[in-house]
Amino acid sequence: MGYTALYRKFRPTKFSEMVGQEHIKKTLKNQLIAGRVGHAYLFNGGRGTGKTTTAKILARAVNCLNLKDGEPCNECEICKAALERVTYGYY
Ligand SMILES: Nc1ncnc2c1ncn2[C@@H]1O[C@H](COP(=O)(O)OP(=O)(O)O)[C@@H](O)[C@H]1O
Ligand SMILES: [Mg+2]
Ligand SMILES: [Zn+2]
């Protein structure tokens with residue numbers, strides 16, 4: 001329980017808050033800015049390296065009403081609903 005809460009509490013909500021993974025962030029932001037987002041992504045890597053975090057940021061960015069420089073605004077109704085949603089399982 002506390003384990004999950006910590007993951008949620010400290011999970012970055014923007015690419016700019018993520019440490020490292022520069023090539024991943026740059027590639028995804030460029031695709032978002034260009035409006036050329038792929039129809040599927042496969043995130044590969046060790047545990048705790050940011051795969052879920054990246055997927056969550058990307059999902060919000062794709063749906064965000066005020067995309068700014070490839071980042072989700074985290075303030076529009078779509079972003080807020082995604083951030084507030086209580087999901088289940090590992091995340
Ligand atoms: N690149 C990163 N920058 C900042 N925090 C990170 C990064 N990668 C992982 N974390 C932190 O570690 C936790 C686990 O990351 P997560 O994205 O769930 O890893 P994965 O899905 O790859 O196992 C997150 O809550 C987040 O706070
Ligand atoms: Mg994960
Ligand atoms: Zn938004």
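This report describes the surroundings of ligand 1 and the coordination of the zinc ion (ligand 3).

The model is predicted, and local features are reported only at pLDDT of at least 70, side-chain atom pairs only at pLDDT 80 or more, while totals for chains, interfaces and linings use all residues. Residues are numbered from 1 along each chain as its sequence is written, chains are lettered from A and ligands numbered from 1 in the order in which they are written, and side-chain values use heavy atoms, with hydrogens and water left out.

**Ligand 1**

Ligand 1 is surrounded by 14 residues, of which F10, V19, G48, K51 and T53 are the closest; a residue belongs to these surroundings if one of its heavy atoms lies within 4 Å. By class, this shell holds five nonpolar, six polar and three charged residues, where Ala, Val, Leu, Ile, Met, Phe, Trp, Tyr, Cys and Pro count as nonpolar, Asp, Glu, Lys and Arg as charged, and the others, Gly among them, as polar. Helices α1 (2-10) and α3 (51-63) each contribute at least two residues, and α3 gives the largest share, with three; helices are DSSP runs (H or I) of at least four residues, numbered from the N terminus.

The table lists polar contacts of ligand 1, a polar contact being a pair of N or O atoms within 3.5 Å, and within protein one atom must be able to donate a hydrogen and the other to accept it, with residues adjacent in sequence counting only if both atoms are side-chain atoms.

| Residue and atom type | Distance to an oxygen atom of ligand 1 |
|---|---|
| R11, polar side-chain atom | 3.1 Å |
| G50, polar backbone atom | 3.1 Å |
| T52, polar side-chain atom | 2.8 Å |

Of the 550 Å² of accessible area that ligand 1 has on its own, the protein covers 83% (Shrake-Rupley method, 1.4 Å probe). T53 lies in helix α3, and its side chain makes a polar contact of 2.8 Å with the side chain of R11. With a relative accessible area of 9%, T53 is buried (under 20%; exposed is over 50%, partly exposed in between; 1.4 Å probe, protein chains only).

**Zinc ion**

The SG atoms of C64, C73, C76 and C79 coordinate the zinc ion (ligand 3) at 2.3 to 2.4 Å; donors are N, O and S atoms within 2.8 Å of the metal (3.2 Å for Na, K and Ca), and sites may look incomplete because water is not among the atoms. The angles subtended by the four donor atoms run from 99 to 120 degrees, so the arrangement is tetrahedral (all angles between 85 and 135 degrees). Along the chain the donors follow the spacing C-x8-C-x2-C-x2-C. C64, in the loop between α3 and α4 (77-84), and C79, in helix α4, are 15 residues apart and link distant parts of the chain. C64 counts as buried at 10% relative accessibility, as does C79 at 1%.

Note on methods:
Four donors count as tetrahedral if all angles lie between 85 and 135 degrees; four count as square planar and six as octahedral if opposite donors are over 155 degrees apart and all others between 65 and 115; anything else is irregular.
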